[in-house]
Amino acid sequence: MSNNVRIMVLCNNEIAIPALQQLYMNGVLKAVVVPQKNSDLYSLLKSMLTGTDITISSVNKKNLETTLPSLTAEKNITSAWLMTFSYIIPKYLLSLLPGGFINFHYGILPKYRGANPILAQMLQYETHSGLTIHIADENIDTGPIVMQQKISIEDTDTFGIQCRKLGMLGASMAQQLLQLFIQNIGISSIPQNESLANYYKKPIATDLMINWGTMSSTQVIRMVNACNPWNKGAGAIIDNQVICFTAAEITTDTAEENTLPGTIVSINDTEGLKIKCCDRKVIRVTIIYLPDGFFPGYKLTDYGIKINGRFIS
């Protein structure tokens with residue numbers, strides 16, 4: 001029976017909200033825990049949960065080990081589900097609950113371990129992303145896998161679109177996992193294949209800059225999309241200015257062979273900002289970000305950028 005299942009969700013990102021709503025509609029969500037440093041998410045969830053019997057708590061590294069046992073006892077929690085939670089659960093707490101700690105990893109394991117698998121998958125030009133549910137252990141993203149589902153990464157998908165799609169997939173998979181708990185069938189799992197494992201660190205600024213000498217038009221568009229909206233776009237440098245390309249598309253134009261990659265082949269309000277890539281194809285940058293705000297690409301003319309100017313790697 002669902003009234004014997006009482007779930008606590010530990011999360012650090014809005015991607016968890018569809019799954020939270022699913023658990024709430026099933027009457028099993030009893031507590032939500034958010035890192036103290038994420039005050040925006042805490043405030044959002046606080047307003048959403050007002051008037052319910054669900055307890056929302058904020059924690060830091062120091063009080064995590066006291067808050068979790070206290071909260072699980074108070075709410076009679078049977079299982080804790082982690083959804084982008086930023087703290088590692090101490091080993092001795094992992095055996096605290098009969099249903100254990102279950103991690104929702106918004107990426108394909110074991111190939112994409114790390115804090116931001118959505119970005120890593122996009123920057124590696126994968127055709128699919130996905131969500132892996134696994135049993136949490138004392139390490140990062142290493143526990144045995146319970147279930148995994150993939151979705152496609154479309155050429156037009158931005159980071160934000162992928163987050164929305166994966167958030168909805170998380171709700172669907174949360175429902176599937178919940179049914180296993182309700183029916184008390186037991187959860188089967190398989191160990192991860194360590195020969196396929198990769199861990200991706202958080203990117204630094206240079207990882208998010210367009211390399212005009214090596215990146216094809218398709219790769220440039222993927223990087224632009226992967227950096228939208230969270231980084232305001234992919235970085236590009238011209239005349240000692242750093243500009244973010246927020247939205248771009250591949251055109252049907254082909255640039256002259258002797259034109260260097262990164263060269264502006266047009267910049268006006270009719271054709272827009274067009275740039276040659278190393279595969280001779282031309283992209284049109286439709287939206288840029290500067291410290292002054294977001295603008296159409298051709299508005300770079302207001303900053304002294306002209307046709308035949310060249311973005312450098």
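Contact, in these notes, means heavy atoms within 4.5 Å. Helices (H or I, at least four residues) and strands (E, at least two) are DSSP runs, numbered from the N terminus.

I'm working with a predicted model, where local features need pLDDT of at least 70, side-chain atom pairs count only at pLDDT 80 or more, and totals for chains, interfaces and linings use all residues. Residues are numbered from 1 along each chain as its sequence is written, and side-chain values use heavy atoms, with hydrogens and water left out.

**Entry 1: helix 1 and helix 2**

I started with helix 1 (residues 17-25) and helix 2 (residues 39-49). I found I17, L20 and Q21 of helix 1 meeting L44, L45 and M48 of helix 2. By class, I noted five nonpolar residues, one polar and no charged ones in this contact. (Ala, Val, Leu, Ile, Met, Phe, Trp, Tyr, Cys and Pro count as nonpolar, Asp, Glu, Lys and Arg as charged, and the others, Gly among them, as polar.)

Next I looked up the axes, which are lines fitted to C-alpha atoms, for helices over the stretch in contact, with angles running from 0 to 180 degrees between N-to-C directions. The two axes come within 13 Å and cross at roughly 25 degrees. Helix 1 and helix 2 are therefore roughly parallel to each other (angles under 35 degrees count as such, over 145 as roughly antiparallel, 65 to 115 as roughly perpendicular and the rest as oblique).

**Entry 2: strand 4**

How many of the five residues of strand 4 are buried? I got five of the five for residues 79-83, so strand 4 is largely enclosed by the rest of the structure. (Buried means under 20% relative accessible area, exposed over 50%, partly exposed in between, with a 1.4 Å probe and protein chains only.) S79, W81 and M83 point one way, A80 and L82 the other.

Then I checked its neighbours; two strands pair if DSSP finds at least two bridges between them. Strand 1 (residues 7-11) pairs with strand 4 in the parallel sense over five bridges, and strand 5 (residues 101-105) does so over four. W81 is the bridge partner of V9, and in strand 5 W81 has I102 as its partner.

**Entry 3: helix 6 and G235**

Eight of the ten residues of helix 6 (residues 217-226) are buried, so I note helix 6 as largely enclosed by the rest of the structure. R222 and N225 are among the buried ones. The cover over them includes helix 4, helix 5, strand 10, strand 11 and strand 14.

In strand 10 I picked out G235, which counts as buried at 4% relative accessibility. Leaving out residues up to four places away in sequence, G235 touches L208, M209, I210 and I243.
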